[in-house]
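Hi,

Here is the structure I said I would pass on. Have a look at it first, and my notes follow underneath.

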Amino acid sequence: MKEHSFVSGIIAIFAGILMPIKSLYMKQPQHVLGLTCPPITHNVRIGLIGLGNRGRATLERYQVLKDAEITALCDLRRQNLDEAQHCLVRHGKNKAVTYTGEQGWRDICRDPAVDLIYICTDWLTHTPMATYAMEQGKHVALEVPAAMTVDECWKLVDTAERTRRHCIMLENCCYDTFALAALSMAQQGMFGEITHCEGAYIHDLRDKYNADENNGGYHKGWMRKYSLLHGGNPYPTHGLGPVCQLLDIHRGDRLDYLVSLSSGSASGRHEHGDHINNTLLRTVKGKSILIQYDVTTPRPYSRMQTICGTRGFAQKYPRRCFMFDGQEAVQGDAVEPLLERFKHPFIATLGEEGLRLGVSNLMNYMMDRRLIHCLKEGLPTDMDVYDAAEWSCITELSEQSALQGSVPVKIPDFTRGRWQELDGFRFA
């Protein structure tokens with residue numbers, strides 16, 4: 001017994017020595033919740049990758065934006081680069097450095113005269129470009145969705161945590177005036193406890209979906225090619241983003257699991273790639289979320305934007321409507337005074353500024369202005385890499401569930417257990 005006790009004691013001593021060493025090497029990465037970086041004291045210098053439909057629109061938008069300049073451009077097509085340069089000259093701006101070729105995107109990420117890489121390419125290239133840019137010390141803003149697989153979502157998170165760079169998914173619907181007003185109402189308790197929300201991307205894109213790129217379609221038909229090979233919801237974030245802010249996702253609650261159903265064949269894929277998907281999600285605290293996707297039927301545009309609470313209800317599509325305990329429903333034009341009463345500060349400041357400048361899309365303008373403001377002031381960005389990962393992972397997980405007969409599928413915790421460290425969603 002004494003010999004056994006002696007050996008056990010020696011083992012315990014060595015264990016006590018080795019455990020701190022082991023924990024040192026196994027230490028979790030430092031999180032980037034509320035990440036702040038040194039303020040950018042000059043104009044934010046932007047390298048724009050992808051000058052197709054969305055990229056050209058982005059370039060035009062940034063011509064009216066103060067404190068930012070496009071210093072570098074990248075595209076596979078020389079014609080797109082030439083047109084982008086003409087745009088800069090037309091607005092009285094300096095021409096940008098241009099990059100092209102299969103490796104052009106790597107070259108622009110290494111450009112020392114760039115602070116922010118802005119990615120407007122096809123879905124499958126978002127994550128490789130974003131991770132490489134962060135590794136080169138750049139902040140990254142990338143179009144939705146940020147990633148197409150769970151593995152890619154983890155790569156974004158791991159890279160952002162390792163490099164301490166901002167990685168922002170450009171979900172403009174979070175800046176919708178209705179969504180911002182509803183967020184203000186929710187944070188003032190108007191809905192009571194929110195129990196269920198609905199969001200969607202319902203948009204008849206058949207003209208672009210089926211057209212070639214010379215007639216307004218996507219480059220090499222990338223969207224249609226993806227949809228022919230995949231079921232599920234490849235574009236969940238327009239509906240999910242505003243909902244996650246309302247429900248304080250990874251700021252007191254988190255997405256737990258989902259079930260998903262796609263129209264079409266038994267496999268969840270349609271031979272023409274034109275399926276409709278419904279995905280139902282549940283949070284750890286028991287909230288439910290319905291997200292729908294449909295881009296290939298002649299339906300009116302809708303993002304649903306439905307909020308159900310214990311004391312109130314709101315819905316933007318198909319007809320704006322609010323209803324609160326003890327009151328008649330407020331609908332149509334009668335909604336305007338209510339939206340004015342709960343006008344979000346962004347609408348009163350950035351929104352009014354955008355209107356004076358004559359911008360065509362206030363959501364985009366407020367999103368752009370907030371991004372540049374946060375980088376200039378050294379503030380946390382409105383959307384972080386965990387938002388990008390949590391909202392984007394629904395793409396692969398919805399397909400998994402649909403292909404397996406609508407079985408429940410767990411949603412990863414990209415914060416690694418830190419989802420309660422922030423107390424509610426707030427803009428910095």
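Let me start at one particular bridge: Gln315 has Cys321, in strand 13, as its bridge partner. Keep in mind throughout that this is a predicted model. The two strands involved, 12 and 13, run antiparallel to each other and share four bridges. They belong to an open sheet of nine strands with mixed pairing, and the order across it is 14-13-12-11-7-10-9-8-15. At the edges you'll find strand 14 (330-331) and strand 15 (409-410); each has a single partner strand, so one side of each has no neighbour in the sheet. Helix 15 (residues 394-403) packs on this sheet, where it touches strand 8 (255-262), strand 9 (277-283) and strand 15, and its direction makes about 55° with that of strand 8.

Back to Gln315, whose side chain is joined to that of Thr306 by a polar contact of 3.3 Å. Thr306 sits in strand 11. Is Thr306 buried or exposed? It counts as buried, because its relative accessibility is 4% and the cut-off for buried is under 20%. Beyond its neighbours within four places in sequence, Thr306 is in contact with His196, Cys197, Glu198, Phe313, Ala314 and Gln315.

Glu198, from that list, is worth a stop of its own. You'll find Glu198 in strand 7 (residues 194-202), and at 21% relative accessibility Glu198 counts as partly exposed. Its side chain makes a polar contact of 3.0 Å with the side chain of His196. Leaving out neighbours within four places in sequence, the contacts of Glu198 are Val243, Leu290, Arg303, Met304, Gln305 and Thr306. There is also Leu240: it is 42 residues from Glu198 along the chain, yet their C-alpha atoms are separated by 8.0 Å.

Gln305, another contact of Glu198, has a backbone oddity. Gln305 is not a glycine, but its phi is positive, at about 50°. Gln305 lies in the loop between strand 10 and strand 11 and counts as buried at 10% relative accessibility. Asp248 is also a non-glycine with a positive phi, of about 55°. Asp248 is in the loop between helix 10 (237-246) and strand 8, and with 25% relative accessibility it counts as partly exposed.

Now the aromatics. The structure has 14 aromatic pairs. One of them is Tyr301 with Tyr317, edge-to-face, with 6.0 Å between centres and 70° between the planes. This pair links distant parts of the chain, 16 residues apart: Tyr301 is in the loop between strand 10 (288-294) and strand 11 (306-309), and Tyr317 in the loop between strand 12 (312-315) and strand 13 (321-324). Tyr301 is partly exposed at 34% relative accessibility, whereas Tyr317 is buried at 15%. Both tyrosines belong to one aromatic cluster, together with Trp123, Tyr201, Tyr226 and Tyr235. Elsewhere, the charged end of Arg106 sits over the ring of Tyr132, 4.9 Å from the ring centre.

Two cis peptide bonds to look at as well. Tyr317 comes up again here, joined to Pro318 by a cis peptide bond with omega of about 0°; Pro318 is in the loop between strand 12 and strand 13. Val144 and Pro145 are also joined by a cis peptide bond, with omega of about -15°, and Pro145 lies in the loop between strand 5 (139-142) and helix 6 (150-163).

Cheers

Definitions and conventions:
Residues numbered from 1 in each chain as written. Predicted model: local features only at pLDDT ≥ 70, side-chain atom pairs only at ≥ 80, totals over all residues. Heavy atoms only, no water. Phe/Tyr/Trp six-rings, centres within 6.5 Å; stacked < 30°, edge-to-face > 60°. Buried < 20%, exposed > 50% of the residue type's maximum accessible area, 1.4 Å probe, protein only. Lys NZ or Arg CZ within 6 Å of the ring centre and 35° of its normal. Polar contact = N/O pair within 3.5 Å; in protein donor to acceptor, adjacent residues only side chain to side chain. Contact = heavy atoms within 4.5 Å. Pairing = 2+ DSSP bridges. Axes fitted to C-alpha atoms, helices over the stretch in contact; angles between N-to-C directions.
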